[in-house]
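Reader: Let's go through this one together. Start with the ground rules, please.

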Amino acid sequence: MFNWLFARHHRGTFIVRIEDTDVERKVEGAVEDVLESLRWLGLEWDEGPEVGGRYGPYFQSQRLHYYRPVVEQLTSDGYAYPCYCSHERLEAMKAEQVRRGQPPGYDRRCRNLSQEERSRFEAEGIRPVIRFKTPLTGRTEFRDLIRGKVVFDNSTLDDFVLLKSDGYPTYHLANVVDDHLMEVSHVLRADEWLASTPRHILLYQAVGYESPQFAHLPMILGPDRSKLSKRHGATSLLEFRDEGYLPEAMLNFLALLGWSLDDRTEVLSREELVEHFSLERISKTAAIFNIDKLRWMNGLYLRKLDIDDLTERALPFFERDLPSSVRRPIDRSYVRAVVALEQERAKTLAELPQLGEFFFMEELDYPVDLLLQKLNREKASQALTTVSQKLGALGPFDHGSLEATLRPLASDLSLTTKELFSLLRVAVTGRTAAPPLFQTMEVLGKEACLRRIEAAIRLLRG
Ligand code: ZN
């Protein structure tokens, strides 16, 4: 998202590249989910899968022919070498390093093999990996656009793998080659890649490419300051979509995780974000993901939606979440009337069918105690019978007429208006908390209200 904002702000080109060279970690459907997430948030891309571009293909697994010649060049120039170590040897080495409390890293056993030794391994049929010959001394430094000058001692970097024995490049190699070939000017990526950047700088120098500019973005942590995980709420964008969050609220919320306009402004539209985005206002410290703030912000955006727009977005949630006993397809104009009443209260689209389920049910199911509150059965049933008669005789069934008819009734029945309205609310909704009573009754309609009141009377009479 920050890459998109940065590209749009500077009228640059936003590129989507799928880095799928880790064959073992390939997950079915993952690419589609990534693209769908971007589409949902409205982060349209100028080059990449589906849209193409001058520098394609945009799947690294389809670009293997670009990486191999670079590795061959590096090897013949003395910047890289084949390593024949077995997986078992490397694992044992790592275990030993951990045991001794040393930082794990390749011990460079194959760095200075003679040509005869290499030939012998080749003759044994061992397929090597190709490693980068990291300088043993000196320092590598670069200017990060967020953190400023960053310096690494080369002695802390090991001889990392460029090309795996299956012929696939590592992240390091593929990125450096592709960023060069695709003429990438800026790389904005997560903080966790900061330690890889000196490796990439060394690689750029060895192949003679100009390095792009780097900006390392703060991590997102949970409210308990631990790594963001399932227990802090949904962890994939599509889960948030399915829980009924609005993409414009999500974009606004995410933008404020690590970036700010000033110390106060919370609500920013997509256009405002593009207009004001700058790397200078990105925080150097981790951002805290607060689901309550997201819910608050989503409710804010939801209340601002025009009722037809809200209806359109809410309909799939009604179709998905209302009990199967409710006839499909769900009536659009009825949903429109229901969401107009629920809009003030709902925080997510998925809450709309939850809050409004009673509008759609043929029969309500609630305990008689809910109906009674502090009234006795006789009095309650008497009251509902009178209400039923009044409603039956009522012409226009709108909330104004309903209120004008029912409000004066309370004293006739020697009830407070609160007692009468609570009784009636439970009778027609099955709940104690619902949207305004008379508007709810208007949406339900005369027939449904009378039927529900009759059912309540039957319940009271046992
Ligand atoms: Zn080796």
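Author: First a term: two residues are in contact when they have heavy atoms within 4.5 Å. This is a predicted model, where local features need pLDDT of at least 70 and side-chain atom pairs count only at pLDDT 80 or more, while totals for chains, interfaces and linings use all residues. Residues are numbered from 1 along each chain as its sequence is written, and side-chain values use heavy atoms, with hydrogens and water left out.

Reader: OK, S401 then. What is S401 in contact with, leaving aside its neighbours within four places in sequence?

Author: L394 and P396. S401 itself sits in helix 17, residues 399-406. Helices here are DSSP runs of H or I with at least four residues, strands are runs of E with at least two, and both are numbered from the N terminus.

Reader: And why does S401 count as buried?

Author: Because its relative accessibility is 17%. Buried means under 20% relative accessible area, exposed means over 50%, and partly exposed is in between, with a 1.4 Å probe and protein chains only.

Reader: Zooming out, what are the helix and strand counts for the protein?

Author: 21 helices and 9 strands. Of the 462 residues, 47% are buried.

Reader: What radius of gyration does the protein have, against a compact globule of 462 residues?

Author: The protein has 32 Å, where such a globule would be near 23 Å. That is taken over C-alpha atoms, and the globule rule is 2.2 Å times the number of residues to the power 0.38. The C-alpha trace spans about 105 × 45 × 40 Å along the principal axes.

Reader: Switching to sheets. In what order do the 3 strands of the open sheet come?

Author: 1-2-5, with antiparallel pairing. Strands count as paired if DSSP finds at least two bridges between them. Strand 1 (80-83) and strand 5 (161-163) are the edges, each pairing on one side only.

Reader: How many bridges join strand 1 to strand 2?

Author: 4. Among the partners, A80 bridges to F132 in strand 2. Strand 2 (residues 129-132) also pairs with strand 5 over 2 bridges, and R131 stands opposite V161 there.

Reader: Which way do the strand 2 residues point?

Author: V129 and R131 go one way, I130 and F132 go the other, and all are buried. In a regular strand, side chains alternate between the two faces of the sheet.

Reader: Now helix 3. Which residues of helix 3 are buried?

Author: Y67, V70, V71 and L74. They cover an arc of only 100° around the axis, so they lie on the same side of helix 3. The arc is that of the directions from the helix axis to the C-beta atoms.

Reader: What do the buried residues of helix 3 pack against?

Author: Strand 1, strand 2, strand 5, helix 6 (171-181) and helix 7 (197-207). The face turned away from the buried side carries the exposed H65 and S76.

Reader: And what follows helix 3?

Author: G78, with a positive phi near 85°.
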